[in-house]
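Trainee: I'm new to this one and would like a close look at a single part before I try to take in the rest. Could you walk me through it?

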Amino acid sequence: MHSLQFAVLAALGLGAGASIIVQQALVADLRGALNSALWAVFVSYLGGLLTMALLLAVTRQGWPSAAQIGGSSYLSWAGGVFGVIYIAIAVAILPKLGAATTLALILAGQMLASVVIDHFGLFGVPRHEVDLRRIGGVLLLAGGVALISR
């Protein structure tokens, strides 16, 4: 991979990471206004659904065929469930722990789950066995969580 290509992809990754905490902060604020975490998450996902519908229309993406739908794993359709779990928990803990601690814990959880998914090659992800380097990275991330948390 060329260094320019990596720089562009890294910038996109940083943008995605920043959008996670912005989403959490906005939904947590809406939670306070609506006095309901569930309604705040619903509004967030409704906005996401409308944004995706607009993107599909603009890019002229056709509907998936019955063969494509039938060829997918039933587990693949559960991704939205985990999105709701993630945002509902984040919205609940962000006002109590703060943005930095919340994000640090989410990143640590993502890293732990990623290492397990990679090691076992779960959900169609290419297999990458756990080694000392990866374990060291997880431990450094755990240390970062401890330093950021109060």
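Where is Asn35 found?

Mentor: Before we zoom in, keep in mind that this is a predicted model. Now to your spot: Asn35 sits in the loop between helix 1 and helix 2. Have a look at its backbone. Phi of Asn35 is near 60 degrees, which is a positive value in a residue other than glycine. Then check its surroundings: Asn35 has a relative accessibility of 72%, and the cut-off for exposed is over 50%, so Asn35 counts as exposed.

You can find another case in the loop between helix 2 and helix 3 (66-70), and that is Arg60. Its phi is near 55 degrees, again a positive value in a residue other than glycine. Arg60 has a relative accessibility of 75%, so it also counts as exposed.

From Asn35, let's step out to the helices on either side, starting with the overall layout. The protein has 6 helices and 0 strands, and read from the N terminus the elements go α-α-α-α-α-α. The chain has 150 residues, of which 15% count as buried. If you draw a box around the C-alpha atoms along the principal axes, you get roughly 45 × 45 × 35 Å. The protein exposes about 11100 Å², with carbon and sulfur atoms supplying 73% of that area. Take the contacts between residues at least 6 apart in sequence: 56% of them join residues at least 24 apart.

Now go back along the chain from your loop, into helix 1, which covers residues 3-34. Its packing against helix 5 (residues 99-120) is worth following. The angle there is about 130 degrees, and the axes are 11 Å apart. Angles over 145 degrees would count as roughly antiparallel and 65 to 115 as roughly perpendicular, so helix 1 and helix 5 come out as oblique to each other. Their crossing is right-handed. On the helix 1 side, the contact is made by Ile20, Ile21 and Gln24, while helix 5 brings Ala99, Thr102, Leu103, Ile106 and Gln110. Sorted by class, that contact has 5 nonpolar residues, 3 polar ones and no charged ones.

Next, go forward from the loop into helix 2, which spans residues 37-59. Ser44 is a good stop here, as it lies in this helix. Its relative accessible area is 19%, and buried means under 20%, so Ser44 falls on the buried side. Leaving out residues up to four places away in sequence, Ser44 touches Gln23 and Val27.

Helix 2 also has a partner in helix 4. The two pack at an angle of about 130 degrees with their axes 10 Å apart, and they are therefore oblique to each other. The crossing of helix 2 and helix 4 is right-handed. Which residues meet there? Ala37, Val41 and Tyr45 come from helix 2, and Gly83, Val84, Ile87, Ala88 and Val91 come from helix 4. By class, this contact divides into 7 nonpolar residues, 1 polar residue and no charged ones.

While you're at helix 4 (residues 79-97), pick out Gly80, which has its place there. With a relative accessible area of 46%, Gly80 is partly exposed. Gly80 and Tyr45 are 35 residues apart in sequence, but their C-alpha atoms are 9.4 Å apart in space.

One more pair rounds off the tour. Helix 5, which you met as the partner of helix 1, also packs against helix 6 (residues 132-148), at an angle of about 165 degrees and with the axes 9 Å apart. That angle is over 145 degrees, so helix 5 is roughly antiparallel to helix 6. The crossing of helix 5 and helix 6 is left-handed. From helix 5, the residues that meet helix 6 are Ala100, Thr101, Ala104, Leu105, Leu107, Ala108, Met111, Leu112, Val115 and Asp118. From helix 6 come Arg134, Val138, Leu141, Val145 and Ile148. By class, that contact has 12 nonpolar, 1 polar and 2 charged residues.

So, to return to your question: Asn35 is in the loop between helix 1 and helix 2. From that loop, one way leads into helix 1, which packs with helix 5, and the other into helix 2, which packs with helix 4.

Notes: Residues are numbered from 1 along each chain as its sequence is written. This is a predicted model: local features need pLDDT of at least 70, side-chain atom pairs count only at pLDDT 80 or more; totals for chains, interfaces and linings use all residues. Side-chain values use heavy atoms; hydrogens and water are left out. Axes are lines fitted to C-alpha atoms, for helices over the stretch in contact, and angles run from 0 to 180 degrees between N-to-C directions. Helices (H or I, at least four residues) and strands (E, at least two) are DSSP runs, numbered from the N terminus. Angles under 35 degrees count as roughly parallel, over 145 as roughly antiparallel, 65 to 115 as roughly perpendicular and the rest as oblique. A crossing is left-handed if the near helix is turned anticlockwise from the far one by less than a right angle, and right-handed if clockwise. Contact means heavy atoms within 4.5 Å. Ala, Val, Leu, Ile, Met, Phe, Trp, Tyr, Cys and Pro count as nonpolar, Asp, Glu, Lys and Arg as charged, and the others, Gly among them, as polar. Buried means under 20% relative accessible area, exposed over 50%, partly exposed in between (1.4 Å probe, protein chains only). Accessible areas come from the Shrake-Rupley method with a 1.4 Å probe; for residues, only the protein chains shown count as cover.
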